[in-house]
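This report describes a single protein chain, moving from its overall make-up to one helix, an internal cavity and a selected residue.

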Amino acid sequence: MKRLLLATTIAAVTALTTVACAGTAEQTATFSTSTEAATGDAGTDTPGPTGIPDGMGSGASDGVFPRTVGHFGGSTDIPAEPKKVVVIATGQLDAALTLGVVPTGAAYGDGADLVPDYISFSFPQYTDQLTQVVDVGNRQSVDIEAIAATEPDLILANKTGSEDIYPTLSTIAPTVLTEGTGVNWKQDFLLLADALGRTEQAQSFIDTFVSDAAALGNSVSGNGAPTVSFVRFTADRARVFGVPSFAGYIAWDAGLARPESQQFDKTSQDFSEEEIQLANADWVFVSSQDADADSSYTTNPLWTGMSAATENHIVRVDDDPWYLNAGPTAATIVLDGLKSALQS
């Protein structure tokens, strides 16, 4: 019977396996920003959600199963504590490991490793187990047969990339959809944790993170408080990231001011070589997809003449945690990077 179900599932999904990229911090989100909100002043609305949306989650205590979890794909019954989990976004791999759960299977992003270096470095205690994680394909085109072959008891995916195949995934195992996009990282972490029965652990992590971010902001506050800029280069694009982005939300938590050019209502905005000044701030945190992606920009006199460049305040950062993967450990890496630069 199980083999018949598997065969039927694979046949049904043939036309659906090409899906949009999920779980990246660069996906588009909108946020109505004022100057106060964009600079992270206290008392304003946050750029992204801080908890599980009303009507979602299970309401069950940690470790209690069965539980019924409301999520961005509907409602899912999880009969027992999951032991074999498949994740279809790197941010979810990050989140599961942060909670002490090593997934059985995982998908990867374009040009990325199944287990990015930042995850390997952050979780050395799971080195051997991570080598056993099953590759279930590119998250733009997951391998349904590979997922089913792992016989998971929970599948975690993002609505932004996996909504179309959610019905198929649900025939394999209980499936929970988080929202996706970097600015939703706290909400998605808590919802994922609910499915695993570890919400209190996730909430404790977030509480500590917010406290640490506030401490950073307090340490550099005052008339000389620095502005920060977030820049990413790929082969065909140069972008600055706004407040409603992964790094932008982390800066907001720290109360760090943003330059006027980055106070817009979407995740990121492209800029040309003639518009390089839009990237400038007291400190610029920049990543490149590859070694040659930024050469025409960073050798441009407009770039080398920016105040951040002349003051040696341009910081090269790891592309994966800063701009691609919106997980809790990635958030810690971003915050630590801000601390290292601003408190030096």
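The sections below take these topics in turn.

## Overall make-up

The model is predicted. The protein chain has 344 residues, and buried residues account for 53% of them. Its secondary structure consists of 16 helices and 13 strands.

Contacts in the protein chain between residues at least 6 apart in sequence often span long stretches: 72% of them join residues at least 24 apart. The accessible surface of the chain is about 14100 Å², and carbon and sulfur atoms hold 49% of that surface.

## Helix α3

Helix α3 covers residues 90-98 and is mostly covered, with 9 of its 9 residues buried. The buried residues are T90, G91, Q92, L93, D94, A95, A96, L97 and T98. After α3 comes G100, which has a positive phi near 85°.

## The internal cavity

How many cavities of 30 Å³ or more does the structure hold? There is 1 cavity of that volume or above. The space within the largest cavity is about 130 Å³. The elements that each contribute two or more residues to its lining are α3 and α9, the latter formed by residues 185-196. Of the elements, α9 gives the most to the lining of the largest cavity, namely 4 residues.

In total, 17 residues line the largest cavity. Those that lie nearest its centre are G91, Q92, N158, D188 and A326. Two of these names, G91 and Q92, also appear among the buried residues of α3. By residue class, the lining of the largest cavity divides into 9 polar, 7 nonpolar and 1 charged.

## Residue S268

Where in the secondary structure does S268 lie? S268 belongs to strand β11, which comprises residues 268-270. Is S268 buried or exposed? S268 counts as buried because its relative accessibility is 12%, and the cut-off for a buried residue is under 20%.

Which residues are in contact with S268, once its neighbours within four places in sequence are left aside? The partners of S268 are R239, V240, F241 and G242.

## Summary

The predicted model thus presents a chain of 16 helices and 13 strands, in which buried residues make up 53% of the total. Helix α3 has 9 of its 9 residues buried and, together with α9, gives two or more residues to the lining of the largest cavity. In strand β11, the buried residue S268 is in contact with R239, V240, F241 and G242.

Definitions and conventions:
Residues are numbered from 1 along each chain as its sequence is written. This is a predicted model: local features need pLDDT of at least 70, side-chain atom pairs count only at pLDDT 80 or more; totals for chains, interfaces and linings use all residues. Side-chain values use heavy atoms; hydrogens and water are left out. Buried means under 20% relative accessible area, exposed over 50%, partly exposed in between (1.4 Å probe, protein chains only). Contact means heavy atoms within 4.5 Å. Accessible areas come from the Shrake-Rupley method with a 1.4 Å probe; for residues, only the protein chains shown count as cover. On a 1 Å grid over the protein atoms alone, a cavity is a set of points where a 1.4 Å probe fits but cannot get out, and a pocket is an open set with protein on both sides within 12 Å along at least five of seven lines; lining residues have an atom within 4 Å of a point. Grid points are joined across faces, edges and corners, and a volume is the space filled by probe spheres set on the points. Ala, Val, Leu, Ile, Met, Phe, Trp, Tyr, Cys and Pro count as nonpolar, Asp, Glu, Lys and Arg as charged, and the others, Gly among them, as polar.
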